[in-house]
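Here's a quick tour of one protein model, written for someone who likes to check things against the coordinates. Have the viewer open as you read.

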Amino acid sequence: MPACDPGGDAADVRVPVLVVGGGPAGLAASLALSRYGVRHLLVNKHRGTAHTPRAHLLNQRTGEIFRDLGVERRVLDRATPPELLANHVFMSTFTGPEVARLDAYGNGPDRIGDYRAASPALMCNLPQHLLEPVLVEAVEEAGVGELRFGQEFLSLAQDEKGVTALVRDRGTGREYTVRADYLVGADGARSRVLRRLGLGLTGAQSVARAVSVWFEADLSRYAAHRPGILYVGAVPGRPPTDGRVFVSVRPWDEWVFLTFPHPDTPLDPEDHEAVRARILESIGDDSVSVRIKDVSPWDVNGTVAERYGSGRVFCVGDAVHQGPPTNGLGLNSAVADSFNLCWKLKLVLDGPAGPELLDTYHSERHPVGQQVVDRAFRSMADLLAVPEALGFAEGQSADEQRRILESLHDDTEESRARATALTAATRRMNYQVNAHGVELGYRYRDGATVPDTPEPDADRDPELYYRPTTWPGAHLPHAWLEDGRRALSTLDVVGRGSFVLLTGPGGTGWHAAARETARRTGVQVTVRSIGTPDDLRDPYGQWARAREVGPDGCVLVRPDAHVAWRAADSGRAGELPGVMARLLRIAGVEATAES
């Protein structure tokens, strides 16, 4: 791998971009920069990638990003496939009565069509300790950036021309400076980069104490018939807030046990026998062999940074948004942060785009970060509705709660009322495990877009359902096309670091407009025609139904597959140079006089 060019002292390094942190956000940034040909250095405090599962659920938007970055197949080959995520199970214990079950992650008969129609990418489950090596492998193969583990970021100073960071090699103790045009802070929930910028967090910190236990145990006889990644328990006799959650790491013998100990039932993370006893209590079978691999206590936060960057320094991932693990949005949002930022860094570093383009990273991603933290907190609160619906309360004995569970299906008014309340509480969990609109449907309302008509209203619940639209700021709708005999998605036609203009029959004028745009802005715009015999076929008419412009109009798509602008017909082709200049903050370029 090529080393970064030294500058000044032999211990110093010069590089266009310094990435601090080697988790999913930092590695996604490194891989995106690699694909765009941007030299960079990534430093990570730890000596290797994640050594515990941590975050695990990958939603469709992350799948699309990995598809663009060329690692989707590698991820899917290592991941638990979507059909094994099919259930969200509420139970007393694994051996005790099942309380309720919910179709999850688009696997239900009423949702599977929505998910399949929305994206070529699949949801899957790949814990962080298995995902990160995939990203490292791809970065190293690209040979554009350098990864240095065991390197601790200490401080930074920035001026009008760049950022100087002080880094310490934790193995040798040697300190050295890195001079970069830009710095990306991907150093997690206690981000030193964010603190050095003096940027604060809004929201609540340490709202709950949690303990994660990574363990091995064969639970196939309790899980395989109802496959899922989340099994939520309520042990009879324990307080309703004493949550017990089993997360499948590898079906069905590797797990994370997540517990939120009640003050009346504390748990010492150092006492592995006590931890094992709690796991066995939650399984309900003392004969199960449990091998503990790691115990990690942590605090539940609900915070969002007041700003995502300052000057030439930008922060991504947990550095700027931290929420409960409900909905599994943290890792996915971190990857999307980096994907949003890196194409902008590329264009600013190359010179055509003005540095003001980088301001749109905050204006676009900050509202998304706030949304996902708020959603995760509401989902965590919704979990308490299930024991409440059952009638569980503080101070009840184990026998009392067992009788409640055993009588749930009795032919009495009380049991029927509890069953009705339980159904309503379970349906609320759809906002955790089927929140398709949150995962895929976020829109950039203020940023690197040129708006046109008012934003379209949602025709269904916007958190549960994704509404495809080509409204500027939205994610490009997926439609299956054909290139010769090869099937591909509209999302395969765009991206890869390029602006792409999609048009159709009668849209030949856009080719000349794209050439003029390149001449006047220095930015190439690739034109693809859909529904014409000499380019891309629309065999099912899916794109014709989704494009929301005329056949000779256009949809201009950014490198991150969000719509930048659209035009109803080719009579507006002369606007393209001015539109691109406005998007990229390039001064002195106006629309041409003629289309």
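What follows covers an annotated domain, a helix close to its start in sequence, and one histidine.

## The annotated span

Keep in mind that this is a predicted model. The UniProt record, an unreviewed entry, carries the annotation "domain: FAD-binding" for residues 15-376. In the model, that span is 31% helix and 32% strand. The C-alpha atoms at its two ends sit 37 Å apart.

## Helix 1

Helix 1 runs over residues 24-35, and its length checks out: 12 residues at 1.5 Å a residue should span 16 Å, and the end C-alpha atoms are 16 Å apart, so the two agree.

It's a mostly covered helix, with 11 of its 12 residues buried. Among them are Pro-24 at the start, then Ala-25, Gly-26 and Leu-27, with Leu-33 and Ser-34 further along. What do these buried residues pack against? The partners are strand 1 (13-20), strand 2 (40-44), helix 5, strand 7 (145-149) and helix 9 (330-350). Just after the helix, Gly-37 adopts a positive phi of about 75 degrees.

## His-129 on helix 5

Helix 5, one of those packing partners of helix 1, covers residues 128-142 and holds His-129. Is this histidine buried or exposed? His-129 has 14% relative accessibility, and the cut-off for buried is under 20%, so His-129 counts as buried.

Leaving aside neighbours within four places in sequence, His-129 is in contact with the run Ala-50, His-51, Thr-52 and Pro-53. Trp-214, Val-249 and Glu-254 are also in contact with His-129.

Notes. Residues numbered from 1 in each chain as written. Predicted model: local features only at pLDDT ≥ 70, side-chain atom pairs only at ≥ 80, totals over all residues. Heavy atoms only, no water. UniProt positions renumbered as here; feature names shortened; annotations may be inferred. Helix = DSSP H or I, 4+ residues; strand = E, 2+ residues; numbered from the N terminus. Buried < 20%, exposed > 50% of the residue type's maximum accessible area, 1.4 Å probe, protein only. Contact = heavy atoms within 4.5 Å. Expected span 1.5 Å × (residues − 1).
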